Amino acid sequence: MTALFEVPAPLFKTLSDQLPWLAAVPALAAEYLDRWQLRLDGKPLHGMASVVLPVVRAADGTRAMLKLQPFTDENKGEALGLKAWSTDDVVEVLDDDPATATILLERLESRSLDDLPDDTEATKILAELLARLSAVPAPPGLRRLEDIVTEMLTGAPELIPRLADPDQQSLLRRYAAQAAELMQEPGDRLLHWDLHYENVLAAQRKPWLVIDPKPLAGDPGFELLPALHNRWDDLVATGELHRAIRRRFDLLLDVTGIDRERAVGWTMVRILQNALWDLDGPEDEREDEIDPHQLEIARALTR
């Protein structure tokens, strides 16, 4: 039998540990097309870890996007989180299957905040969305920030010595100590966990809507790092990198009202998390230094 479509080639790299799932995607898509009475309406798209199919509902002609992804702890609460937020701020869930994290979403435009020429305007829009999203209490059943931090602190002693630079090792140990302190008050807000400019798309019913959350219950200060290290070229172009980082950070805090001290602390914890991810995994694939951009963010915010 001929497959409905070819899985986008980049996913065989980003999901190299999910090859059986990738092989099954066309059949899985056919199952949901039948179950939800959909027909294909274009070529398959993809994220870093998902296949996204333009579809049309047979019953009413609604144009939508069918998102297929391997079930993980990160995405199992995606539909739950989206449905807890106002559809004034996020993409609407039209149908979902919690057992597989498959979601039918309204179709938005392809233009994102990353395409907005003025990076300050883009940051302000993102911050306004973040302020409204983080005002919502997390519904029961989501992962909790204190559990994430506990996992980090459990793995940190083994992973941190893999850094080549002793000074960077000391830096991460300091951030681990901050994490242990901050997790005493981990927060209970509904967090997106990956709110950056490419995860905010233009729409017809609203100017901008948020997509692709990895829902988490916790402190909004944990949300800021993606907005700081994306659109990096805009920061570099100012010729005053650290000042530009601080200006973007200040704008995020001014709009959201997040406490500065906790925001700085949680941002360092987020840098710790990313560094531990880079240090983990097979020896021939792991990094042995903190991401240079994130190191600059740490220096700018803690000087």
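Strand β5 (residues 93–97) is joined to β6 (residues 102–106) by four bridges, and the two strands run antiparallel, where helices (H or I, at least four residues) and strands (E, at least two) are DSSP runs numbered from the N terminus, and two strands are taken to pair if DSSP finds at least two bridges between them. The model is predicted, so that local features need pLDDT of at least 70 and side-chain atom pairs count only at pLDDT 80 or more, whereas totals for chains, interfaces and linings use all residues. Residues are numbered from 1 along each chain as its sequence is written, and side-chain values use heavy atoms, with hydrogens and water left out.

Within the β5–β6 pairing, Asp96 stands opposite Ile103. The two strands form a hairpin with four residues between them, and Ala101 in the turn has a positive phi of about 65 degrees. Strand β6 also pairs with β4 (residues 63–68), in the antiparallel sense and over four bridges, with Met65 opposite Leu105 of β6. Five of the five residues of β6 are buried (under 20% relative accessible area, 1.4 Å probe, protein chains only).

The second largest pocket (an open set of points on a 1 Å grid over the protein atoms alone, with protein on both sides within 12 Å along at least five of seven lines; lining residues have an atom within 4 Å of a point) holds about 220 Å³ of space. Its lining includes Glu74, Arg143, Trp193 and Asp280, and the residues of the lining divide into six nonpolar, two polar and four charged. Helices α5 (145–159) and α10 (260–279) each supply at least two lining residues, the largest share, five residues, coming from α5.

Definitions and conventions
Buried means under 20% relative accessible area, exposed over 50%, partly exposed in between (1.4 Å probe, protein chains only). On a 1 Å grid over the protein atoms alone, a cavity is a set of points where a 1.4 Å probe fits but cannot get out, and a pocket is an open set with protein on both sides within 12 Å along at least five of seven lines; lining residues have an atom within 4 Å of a point. Grid points are joined across faces, edges and corners, and a volume is the space filled by probe spheres set on the points. Ala, Val, Leu, Ile, Met, Phe, Trp, Tyr, Cys and Pro count as nonpolar, Asp, Glu, Lys and Arg as charged, and the others, Gly among them, as polar.
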